[in-house]
Amino acid sequence: MYTPNGVVSTSCILWATGIRPCAAELVKYPILRPTLQTEKFETVFFAGDSALLTYPESSDRIPALAQMAEEQGKLAAKNILQHIKNQPLQEFTKRPSGILVSLGHNIAGGQIGPFVFTGKFASVFCKLVYASKMPSLRKKIGLLRKWFIH
């Protein structure tokens with residue numbers, strides 16, 4: 001690993017979360033190849049909003065959304081294994097399937113494809129999508145009970 005004070009030998013994997021830029025390359029946002037590797041170091045992979053990844057055909061930045069980070073995380077894991085085996089890496093090509101924003105207890109907005117929706121329906125839909133991401137049925141049911149059965 002490269003640091004301001006030199007190189008540190010390591011075999012560990014680092015995990016950082018949040019929307020603040022990572023300081024691993026000492027720039028505002030590390031710039032990524034489509035394979036989620038940094039441009040400078042082929043053994044460093046990023047996923048999520050702490051690095052700069054653009055769509056190759058347009059140079060538009062991939063949005064800082066949880067759904068993009070989740071897909072990038074899956075691909076980064078696959079690519080790390082492929083890299084260890086000296087096999088070809090896959091490029092990140094996913095597009096957002098839609099956007100949901102919770103704006104309060106019973107207010108939300110969303111867009112999926114050409115469909116835009118707001119208000120209570122959007123709020124219920126947003127909660128259902130969020131609950132579906134929970135790791136266990138117990139957590140899903142717990143959230144739904146909390147939200148809909150007061």
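Partly exposed, in this talk, means a relative accessible area between the buried limit, under 20%, and the exposed limit, over 50%. Keep those two limits in mind. Lys74 has a relative accessible area of 45%, so Lys74 is partly exposed. We will come back to Lys74 in a moment.

First, what you are looking at. This is a predicted model. The mean pLDDT of the protein is 83. Of its residues, 84% reach 70 or more. Where is confidence lowest, and where is it highest? The low end is strand β1, residues 2-3, with a mean of 64. The high end is strand β5, residues 115-118, at 93. A word of caution here. Where pLDDT is low, predicted coordinates should not be read in detail.

Now the overall layout. The protein has 150 residues, and 23% of them count as buried. How many helices and strands are there? Three helices and five strands. Follow the sequence and the pattern reads β-β-α-β-β-β-α-α. Next, contacts between residues at least 6 apart in sequence. Of these, 32% join residues at least 24 apart.

Let's go to the salt bridges. The whole structure has five. I will take you through some of them, starting with Lys74. Which residue does Lys74 meet in a salt bridge? The partner is Glu71, at 3.7 Å from N to O. Both sit in helix α1, three residues apart, so about one helical turn separates them. Glu71 is partly exposed too, because its relative accessibility is 24%.

Glu71 has another partner. Its side chain also meets Lys94 in a salt bridge, this time at 3.9 Å, N to O. Glu71 is in helix α1 and Lys94 is in the loop between α1 and β3, so this pair ties together parts 23 residues apart in sequence. Lys94 counts as partly exposed, at 42% relative accessibility.

Next to Glu71 in the numbering comes Glu70. Glu70 forms a salt bridge with Lys133, and their closest N and O atoms are 3.7 Å apart. What does this pair tie together? Glu70 lies in helix α1, while Lys133 lies in the loop between α2 and α3, so the bridge links parts 63 residues apart in sequence. How do the two ends compare with our limits? Glu70 is partly exposed, at 35%. Lys133 is exposed, because its 52% relative accessibility is over the 50% limit.

Put those pieces together. Salt bridges with shared partners join Glu70, Glu71, Lys74, Lys94 and Lys133 into one network.

Lys133 brings us to the second largest pocket. How much space lies in it? About 640 Å³. The pocket has 22 lining residues, and those closest to its centre are Ala66, Gln67, Leu100, Val129 and Lys133. So Lys133 appears in this group as well as in the salt-bridge network. Which elements build the lining? α1, β3 and α2 each supply at least two residues. α2 gives the largest share, with six. By class, the lining holds eleven nonpolar, five polar and six charged residues.

Back to helix α1 for one more residue, Asn79. Is Asn79 buried or exposed? Buried, because its relative accessibility is 0%. What does Asn79 touch? Set aside its neighbours within four places in sequence. Then Asn79 is in contact with Thr35, Phe45, Leu89 and Gln90.

Last topic: backbone angles. Most residues other than glycine have a negative phi. Two residues here have a positive one. Leu36 has a phi near 75 degrees, and Leu36 is not a glycine. Leu36 lies in the loop between β2 and α1. Its relative accessible area is 0%, so Leu36 is buried.

The other is Asn86, with a positive phi of about 55 degrees. Asn86 is in the loop between α1 and β3. That loop also holds Lys94. Is Asn86 buried or exposed? Exposed, because its relative accessibility is 72%.

To recap, and then I'll stop. Start with the network of Glu70, Glu71, Lys74, Lys94 and Lys133. Then find the second largest pocket, with Lys133 among the residues closest to its centre. Finish on Leu36 and Asn86, with their positive phi values.

Methods. Residues are numbered from 1 along each chain as its sequence is written. This is a predicted model: local features need pLDDT of at least 70, side-chain atom pairs count only at pLDDT 80 or more; totals for chains, interfaces and linings use all residues. Side-chain values use heavy atoms; hydrogens and water are left out. On a 1 Å grid over the protein atoms alone, a cavity is a set of points where a 1.4 Å probe fits but cannot get out, and a pocket is an open set with protein on both sides within 12 Å along at least five of seven lines; lining residues have an atom within 4 Å of a point. Grid points are joined across faces, edges and corners, and a volume is the space filled by probe spheres set on the points. Helices (H or I, at least four residues) and strands (E, at least two) are DSSP runs, numbered from the N terminus. Ala, Val, Leu, Ile, Met, Phe, Trp, Tyr, Cys and Pro count as nonpolar, Asp, Glu, Lys and Arg as charged, and the others, Gly among them, as polar. pLDDT is the predictor's confidence in each residue, from 0 to 100. Buried means under 20% relative accessible area, exposed over 50%, partly exposed in between (1.4 Å probe, protein chains only). Contact means heavy atoms within 4.5 Å. A salt bridge is a side-chain nitrogen of Lys or Arg within 4 Å of a carboxyl oxygen of Asp or Glu.
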